[in-house]
Amino acid sequence: MAGAVAHAEDTIDAPQPRAPGSQSGPERIQSKRILKIFPAYGVMQNPSAPFRSLTSHDKFVLFLHGAADPYNLLVAGTNAGIEQAADIFPGYGQGAAGYGKRFGASLADQASNSLFKNFVFPVLLHEDPRYFRKDQGTFMQRFGYSVSRVFVTRRDSGSRALNSSGILGSVASSGLANTYYPTSDRGAGATFTRVGIAFGTDAALNVISEFGPDFALKVFPRKRSKP
């Protein structure tokens with residue numbers, strides 16, 4: 001894996017200043033879904049496209065998209081069902097009330113995750129929260145690149161940097177969960193267990209973002225326009 005990551009360095013496009021009067025946000029925040037399921041608001045599909053930084057407003061819009069997407073309801077409902085069946089977070093109890101608490105906690109996790117990782121820390125640290133696909137190289141090079149983006153990101157200037165926003169965002173979101181998780185699932189140990197899970201989840205989503213569009217083209221081939 002180390003070798004794969006070592007060969008997976010991304011090529012940073014020279015940052016280009018925004019032209020006076022140019023539009024903000026829409027052309028830099030994607031709206032398509034990957035495999036028609038996963039939201040791709042923060043996934044930049046074309047690695048060769050000129051780099052355009054996000055404003056604080058753009059990052060706030062990215063947070064709103066990430067927090068309000070209907071996909072979150074599906075994730076929260078599935079998580080709550082699995083957790084209730086396995087009696088995870090027993091302090092929530094069982095029955096409709098227990099399911100509702102687990103469902104609400106999952107929605108809160110997703111909202112706080114988007115808040116901290118897409119808006120708060122990226123604005124404070126001047127980092128770009130988007131995922132820039134590599135879209136070239138061997139499978140292992142692209143896989144290594146996607147996993148490494150958990151810890152590597154771009155600054156607003158376009159230069160490569162430690163993904164402090166993602167790391168601190170995972171810590172902050174996991175820490176905030178102590179305010180609404182059952183008492184037995186709070187504390188430093190539980191918090192950093194959630195941080196580790198968050199890192200793994202982010203890595204998995206990056207892999208989906210990297211390879212999902214390629215797989216989608218095979219499963220859902222584009223119709224050729226008639227001459």
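**Group meeting: who touches whom in this model**

Hi everyone, let me start at L168, which is partly exposed at a relative accessible area of 39%. My scale is this: buried means under 20% relative accessible area, exposed means over 50%, and partly exposed lies in between, using a 1.4 Å probe and protein chains only. Please keep in mind that this is a predicted model, where local features need pLDDT of at least 70 and side-chain atom pairs count only at pLDDT 80 or more, while totals for chains, interfaces and linings use all residues. Residues are numbered from 1 along each chain as its sequence is written, and side-chain values use heavy atoms, with hydrogens and water left out.

Back to L168, then. It sits in helix α6, residues 164–176; helices here are DSSP runs of H or I with at least four residues, strands are runs of E with at least two, and both are numbered from the N terminus. If we skip neighbours within four places in sequence, L168 is in contact (heavy atoms within 4.5 Å) with F121 and L125. V195 is 27 residues away along the chain, and its C-alpha atom is 9.5 Å from that of L168.

Now, the nonpolar cores. In soluble globular proteins, nonpolar side chains tend to be buried together. By a nonpolar core I mean a set of buried Ala, Val, Leu, Ile, Met, Phe, Trp, Tyr and Cys residues joined through side-chain atoms within 4.5 Å. Which residues make up the largest one? There are eight: I34, A40, V43, M44, F51, Y131, F132 and Y145. Strands β3 (43–44) and β5 (131–132) are the elements that give two or more residues to this core. A second, separate core has five residues, among them F89, Y92, A105 and A177.

Have a look at Y131 on your screens. Outside its neighbours within four places, Y131 contacts G42, V43, M44, Y145, S146, R149, N206, S209 and E210.

F51 and F132 bring us to the rings. I pair Phe, Tyr and Trp rings (the six-membered ring for Trp) if their centres lie within 6.5 Å; planes under 30 degrees apart are stacked, over 60 edge-to-face, and the rest tilted. The whole structure has 14 such aromatic pairs. F51 with F132 is a tilted one, at 5.8 Å centre to centre and 40 degrees between the planes. Because F51 lies in the loop between β3 and α2 while F132 is in strand β5, this pair ties together parts 81 residues apart in sequence. Both of these rings are buried. F60 and F119 are edge-to-face, with 5.3 Å between centres and 70 degrees between planes. That pair joins helix α2, home of F60, to helix α4, home of F119, 59 residues apart. F60 is partly exposed at 34%, and F119 is partly exposed at 24%. Ring pairs also link F89, Y92, Y180 and Y181 into a cluster.

On to the charges. Side chains of opposite charge can pair when their charged atoms come close. For a salt bridge I ask for a side-chain nitrogen of Lys or Arg within 4 Å of a carboxyl oxygen of Asp or Glu, and the count is ten. Take D69 and R33, with their closest N and O atoms 2.9 Å apart. What does that pair tie together? D69 is in the loop between α2 (56–68) and α3 (71–85) and R33 is in strand β1 (33–34), so the link spans 36 residues of sequence. D69 is buried at 3%, whereas R33 is partly exposed at 36%.

D214 and R142 come to 2.7 Å between their closest N and O atoms. Since D214 is in helix α7 (188–219) and R142 in helix α5 (139–148), they connect parts 72 residues apart in sequence. Salt bridges with shared partners join R133, D135, R142, E210 and D214 into one network.

Another Arg to click on is R102, which is buried at 0%. R102 forms a salt bridge with D87, at 3.9 Å between the closest N and O atoms. D87 is in the loop between α3 and α4 (95–125), R102 is in helix α4, and 15 residues separate them. The side chain of R102 also makes a polar contact with the side chain of Q84 at 3.1 Å. Here a polar contact is a pair of N or O atoms within 3.5 Å; within protein, one must be able to donate a hydrogen and the other to accept it, and residues adjacent in sequence count only if both atoms are side-chain atoms. Q84 belongs to helix α3 and is buried at 15%.

Thanks, everyone, and over to you.
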